[in-house]
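Here are a few short exercises to work through with the model open beside you. Try each task before reading its solution.

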Amino acid sequence: MHIPGIKYNHSCFLCSIGSEYLIKSTGEYIVKVNPHPFNNGHVVVISNEHKPLGEVTPLELFSMLKEAASLMRHLRHIYNPQGFNVGIVNKPHAAIHVVPRWNGDASFVAVVFNAKPVPELPEKTRDNLLKELKVNGQ
Ligand SMILES: [Zn+2]
């Protein structure tokens, strides 16, 4: 993923997301808050290695999907969204984006300028999720 107008210091956007956005790390994947969120609560489950979807093992993919479902439960608890967009990115990592959605959240700015003002800073999303996982995590 590349967002126009933002300079990255790494060729891979997902690897360039700093550890300050890290929510969770396992042997198979990591979870990071997207520092350039499409909406409040936007998180990404990222395969540990640069492996496209076709190269992660079925067990790795299952673990990542299970994590995405768990994150949706936690995000629902924190943000009470009306739904989610879940998108799978293929390269260079297999990555699952989880984006909470609310009715009417696509605004004039989003449509015309291809950019979206998000009221919550990613750091706040990280703090909310870390607190939620500490209280209600498995
Ligand atoms: Zn990477």
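Two strands count as paired if DSSP finds at least two bridges between them. Keep that cut-off in mind, and remember that this is a predicted model.

**Exercise 1.** Work out how strands β3 and β5 are joined.

Solution. Start by locating β3 at residues 43-47 and β5 at residues 95-101. Next, count the bridges between them: there are four, and the two strands run antiparallel. As a point of reference, I46 lies opposite A95 in β5.

**Exercise 2.** Give the strand order of the sheet and explain why β1 and β4 each have one side without a neighbour.

Solution. Lay out the five strands of this open sheet, and the order reads β1-β2-β3-β5-β4, with antiparallel pairing. Now look at the edges: β1 (22-25) and β4 (83-89) stand there with a single partner strand each, so one side of each has no neighbour in the sheet. From one strand to the next, the twist averages 15°.

**Exercise 3.** Find which strands helices α2 and α4 touch.

Solution. Take α2 (residues 58-79): this helix packs on the sheet and touches β2 (29-33), β3, β4 and β5. The direction of α2 makes about 20° with that of β5. Then turn to α4 (residues 122-136), which also packs on the sheet, touching β1, β2 and β3. The direction of α4 makes about 125° with that of β2.

**Exercise 4.** Write the order of elements along the protein chain.

Solution. First tally the elements: four helices and five strands. Then read from the N terminus to get α-β-β-β-α-β-β-α-α.

Methods:
Residues are numbered from 1 along each chain as its sequence is written. This is a predicted model: local features need pLDDT of at least 70, side-chain atom pairs count only at pLDDT 80 or more; totals for chains, interfaces and linings use all residues. Axes are lines fitted to C-alpha atoms, for helices over the stretch in contact, and angles run from 0 to 180 degrees between N-to-C directions. Two residues are in contact if their C-beta atoms, placed from the backbone, lie within 7 Å.
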